[in-house]
Amino acid sequence: MIQLFVWKNKAQLILRRPFYLGNDTSWAVYCFIYTEKIFNRNLLKRHSGKYRFHDWIITKNSGSGWTVENPPDGTPPLEDAELNGAQHCFASSRDSCSKNQVVELLEEGVTGYLLDVIQPPIRVSSEP
């Protein structure tokens, strides 16, 4: 019982919000969430543009299309800790442009049990 309480609280700390999975959830699930940190990280590959469009699928490239700026034109310097000082960023035309990326959750360490039974909320956003 204490084990469940401790790991549940640690998982909530890493997620920065209450995270209730039900009374029958094992402490090991909360332990996995805490130790693997699978729900508190960016799963997009090459999100800065440093490697151009590798791992991205361009679905719409209207106007002058997508480009990578280094440094970004017309914006303050980027401060994202994940960029490690790099200043590459994606920029699109004034016309409609879109790109997407497939994230294989199982390959990223999310187990089938978590996806099928626990069904955690998954947030997709371009905001940090």
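Is F53 buried or exposed? In this predicted model, F53 has a relative accessibility of 18%, and because the cut-off for burial is under 20%, F53 counts as buried.

## The pair of F53 and F90

The structure holds 3 aromatic pairs, and one of them joins F53 to F90, whose rings lie 5.3 Å apart from centre to centre, with 35 degrees between the planes, an arrangement classed as tilted. F53 belongs to the loop between α2 (27–36) and β1 (57–61), whereas F90 belongs to strand β3 (residues 89–91), so this pair ties together parts of the chain that are 37 residues apart in sequence.

F90 has a relative accessible area of 16% and is likewise buried, as is its partner F53 at 18%.

## The pair of W56 and F90

F90 also pairs with W56: the ring centres are 5.6 Å apart and the planes stand at 75 degrees, so the pair is edge-to-face. Here too distant parts of the chain are linked, since W56 sits in the loop between α2 and β1 and F90 in strand β3, with 34 residues separating them. Both W56 and F90 are buried.

## The cluster and the lysine over its rings

Taken together, F53, W56, W66 and F90 form one aromatic cluster. Two members of this cluster have the side chain of K99 over a ring face: K99 lies over the face of F90, at 4.2 Å from the ring centre, and K99 also lies over the face of W66, at 4.9 Å from the ring centre.

F90 thus takes part in a tilted pair with F53 and an edge-to-face pair with W56, while K99 lies over its face.

Terms used
Residues are numbered from 1 along each chain as its sequence is written. This is a predicted model: local features need pLDDT of at least 70, side-chain atom pairs count only at pLDDT 80 or more; totals for chains, interfaces and linings use all residues. Side-chain values use heavy atoms; hydrogens and water are left out. Rings of Phe, Tyr and Trp (its six-membered ring) pair if their centres lie within 6.5 Å; planes under 30 degrees apart count as stacked, over 60 as edge-to-face and the rest as tilted. Helices (H or I, at least four residues) and strands (E, at least two) are DSSP runs, numbered from the N terminus. Buried means under 20% relative accessible area, exposed over 50%, partly exposed in between (1.4 Å probe, protein chains only). A charge sits over a ring if NZ of Lys or CZ of Arg is within 6 Å of the ring centre and within 35 degrees of the ring normal.
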